Amino acid sequence: MSPLVFLLAALAGGLGAAVRYLVDLGVARLVGSRFPWGVLVINVTGSFALGWVTGALPDAAFIVGAGFLGGYTTFSTAMLDVVALWRDGARRASALNAIGMLLAAVIAAVAGLALGAAS
């Protein structure tokens, strides 16, 4: 891998993290719920986008996928939200968040890949 590709992926990762923050903040303001809807939206849309990029733009998959989408999506925050909900006694919401996010992200990735491969 060339140093330029590595640098572009690193810069894209920083941009993805900034966009993640803005999306999470925007969804929280819009929904105003204790449930972590922002992280759910981020991980599902990021999974869809990674599927699409992989199918439609395989040459850009490293910069966009590992870089931007790697910074944008956040598995660790999602799992922290699951634990926080559980700890706060919202056991059903915790389980639905963990299982629902996994299923939604897989379905979104498959849909994105199919759409990307078709384009």
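According to an unreviewed UniProt entry, a "binding site" is placed at Gly-70 and Thr-73. Of these residues, Thr-73 is included in the lining of the largest pocket, while Gly-70 lies in helix 3. The model described here is a predicted one, and the annotation just mentioned is taken from the UniProt record.

The surroundings of these positions can be described through the helices. The protein chain has 5 helices and 0 strands, and its elements, read from the N terminus on, run α-α-α-α-α. Taken along the principal axes, the C-alpha atoms of the protein chain fill a box of roughly 50 × 30 × 25 Å.

The same unreviewed UniProt entry type also supplies the feature "transmembrane region", listed for residues 6–23, 35–54, 60–86 and 98–118. Over residues 6–23 the chain is 100% helix and 0% strand, with the end C-alpha atoms 25 Å apart. Residues 60–86 form a span that is 89% helix and 0% strand, and the end C-alpha atoms of this span lie 38 Å apart.

Two packed helices are described by the angle between their axes and the distance between the axes. The table gives both values for three pairs.

| Helix pair | Angle between axes | Distance between axes |
|---|---|---|
| Helix 1 and helix 2 | about 135° | 8 Å |
| Helix 2 and helix 3 | about 180° | 10 Å |
| Helix 4 and helix 5 | about 160° | 7 Å |

Helix 2 (residues 37–56) and helix 3 (residues 61–72) pack at an angle of about 180°, and they are therefore roughly antiparallel to each other, since angles over 145 degrees count as such. On the side of helix 2 the contact is made by Val-41, Ile-42, Thr-45, Gly-46, Ala-49, Leu-50 and Val-53, and on the side of helix 3 by Ala-61, Val-64, Gly-65, Leu-69 and Tyr-72. These residues divide into 9 nonpolar, 3 polar and no charged.

How are helix 1 and helix 2 oriented to each other? Helix 1 (residues 3–31) packs against helix 2 at an angle of about 135°, and the two are therefore oblique to each other. Their crossing is right-handed. In this contact Arg-20, Val-23, Asp-24, Val-27 and Val-31 of helix 1 meet Trp-37, Gly-38, Val-39, Val-41 and Ile-42 of helix 2, and the residues divide into 7 nonpolar, 1 polar and 2 charged. Val-41 and Ile-42 of helix 2 thus appear in the contact with helix 1 and also in the contact with helix 3.

The remaining pair in the table consists of helix 4 (residues 75–87) and helix 5 (residues 91–118), packed at an angle of about 160°. Helix 4 and helix 5 are therefore roughly antiparallel to each other, and helix 4 passes helix 5 in a left-handed crossing. Helix 4 contributes Ala-78, Asp-81, Val-82, Leu-85 and Trp-86 to the contact, whereas helix 5 contributes Arg-91, Ala-93, Ser-94, Asn-97, Ala-98 and Met-101. Which classes of residue make up this contact? The residues of the contact of helix 4 with helix 5 divide into 7 nonpolar, 2 polar and 2 charged.

Conventions
Residues numbered from 1 in each chain as written. Predicted model: local features only at pLDDT ≥ 70, side-chain atom pairs only at ≥ 80, totals over all residues. Heavy atoms only, no water. Axes fitted to C-alpha atoms, helices over the stretch in contact; angles between N-to-C directions. Helix = DSSP H or I, 4+ residues; strand = E, 2+ residues; numbered from the N terminus. Parallel < 35°, antiparallel > 145°, perpendicular 65-115°, else oblique. Left-handed = near helix turned anticlockwise from the far one by under 90°. Contact = heavy atoms within 4.5 Å. Nonpolar A, V, L, I, M, F, W, Y, C, P; charged D, E, K, R; others polar. UniProt positions renumbered as here; feature names shortened; annotations may be inferred. 1 Å grid on protein atoms, 1.4 Å probe; cavity = no way out; pocket = protein on both sides within 12 Å on 5 of 7 lines; lining within 4 Å.
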